[in-house]
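Trainee: Please take one part of this model and go through it closely. I would like the helices and the ligand shell treated together.

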Amino acid sequence: MSTLEIKGLVASVAGKQILNGIDLVVRSGEVHAVMGPNGAGKSTLSAVVMGKPGYEVHAGEVLLDGVDLLAMPAWQRAQAGLHLVLQYPSEVPGVGLADMLAEAYRARGRSTDDLVTDVAAEAERINFPVALLDRSLNVDLSGGEKKRNETLQLALLQPKIAILDELDSGLDIDALRDCARRVEAATNETGLGVLAITHYNRLLEELHPDHVHILVKGRIVASGGPELADQLERDGYEAFSGGEAADETAATSALDDLFAI
Ligand code: ADP
Ligand code: MG
């Protein structure tokens, strides 16, 4: 049983405060959805929790099973059991998937004896074409293939807690269903705890959240059960933010999404 605790997290990037005091607790087997409009700070939250360089934490704590993650570089957080599925997965020319996974297994003290068989089995399960397994990481993959590839890594590495930053961005409906179902299965099979960041309901039709939180301007303005996502679908973000949901960055963020894949 693992617990990720985010307490009073205040953080900035490039001199601008983006997170204004975030409190969240994710336990093994739970799915928490964080929903918010463009520019709300969703990706910033995932970056700060995972330890992407360039962000400044001013207050608060991030603990995994009581261990202070903020004191660790990203790779140590990963070894401790935290995993981030990026909104826009990076291409890494020259590094093959199997090589990367073998390194990650070794770093976790796991044997690589069954790695090739495991990768093949997982690729079949997530409908990732076996022919693409030899490519460099994410290089020349479509949006859907990249997310299947990321989900495959998540399934094999079996972290304690996974943050999914818009798993649903840039992939078609079939890939979305396969990836969401695989993550859902991991919550049951290995007790994965999930923080699923999204601004659409459609992800949550496949990956069923136990808790839904609404993030507006770096604050969680509402928390509840799955019904909160339905209410959001009906009423929009403005109902939760006194008409202030639209951020000045919304237009650029929307363009980013459009050209992402
Ligand atoms: P979301 O993922 O909810 O769309 P982000 O966390 O990406 O929002 O961005 C939140 C705010 O932080 C936006 O106003 C964005 O422009 C700003 N921001 C994010 N990253 C940077 C950066 N590296 N430099 C400057 N501003 C940034
Ligand atoms: Mg984002």
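Mentor: Start with a term: a residue counts as buried when its relative accessible area is under 20%, judged with the protein chains only. Keep in mind that the model is predicted.

With that cut-off, take helix α6, residues 173–189. Its buried residues are Ala 175, Leu 176, Asp 178, Cys 179, Ala 180, Arg 182, Val 183, Glu 184, Ala 185, Ala 186 and Thr 187. Charged side chains are on that list, including Asp 178, Arg 182 and Glu 184. What do the buried residues of α6 pack against? Two helices are among the partners, α4 (115–125) and α5 (143–157). The strands are β3 (31–35), β9 (161–165) and β10 (193–198).

The geometry of α6 is plain. The helix has 17 residues and spans 24 Å from its first C-alpha to its last. That is close to the 24 Å expected at 1.5 Å a residue. Look next at its two ends. Asp 172 caps the N-terminal end, with a side-chain oxygen 3.1 Å from the backbone nitrogen of Asp 174. After the helix comes Gly 191, with a positive phi near 70°.

Now turn to α1, residues 42–50. This helix is mostly covered, with eight of its nine residues buried. They are Lys 42, Thr 44, Leu 45, Ser 46, Ala 47, Val 48, Val 49 and Met 50. A glycine follows here too: Gly 51 comes after α1, and its phi is positive, near 100°.

α1 also leads to the ligand. Around ligand 1 there are 13 residues, and the closest are Gly 39, Gly 41, Lys 42, Ser 43 and Thr 44. By class, the shell holds five nonpolar, six polar and two charged residues. α1 gives the most to it, with three residues.

The polar contacts come from both backbone and side chain. A backbone N or O atom of Gly 39 sits 2.8 Å from a ligand 1 oxygen. For Ala 40, a backbone N or O atom is 3.1 Å from an oxygen of ligand 1. Thr 44 uses its side chain: an N or O atom there lies 2.5 Å from an oxygen of the ligand. Overall, the protein covers 68% of the 570 Å² of accessible area that ligand 1 has on its own. Two elements give two or more residues to the shell, β2 (16–27) and α1 (42–50).

Thr 44 ties the last two parts together. This residue is buried in α1, and its side chain makes the 2.5 Å contact with ligand 1.

Conventions. Residues numbered from 1 in each chain as written. Chains lettered and ligands numbered in written order. Predicted model: local features only at pLDDT ≥ 70, side-chain atom pairs only at ≥ 80, totals over all residues. Heavy atoms only, no water. Near = heavy atom within 4 Å. Polar contact = N/O pair within 3.5 Å; in protein donor to acceptor, adjacent residues only side chain to side chain. Areas by Shrake-Rupley, 256 points an atom, 1.4 Å probe, with all protein chains shown as cover. Helix = DSSP H or I, 4+ residues; strand = E, 2+ residues; numbered from the N terminus. Expected span 1.5 Å × (residues − 1). Buried < 20%, exposed > 50% of the residue type's maximum accessible area, 1.4 Å probe, protein only. Contact = heavy atoms within 4.5 Å.
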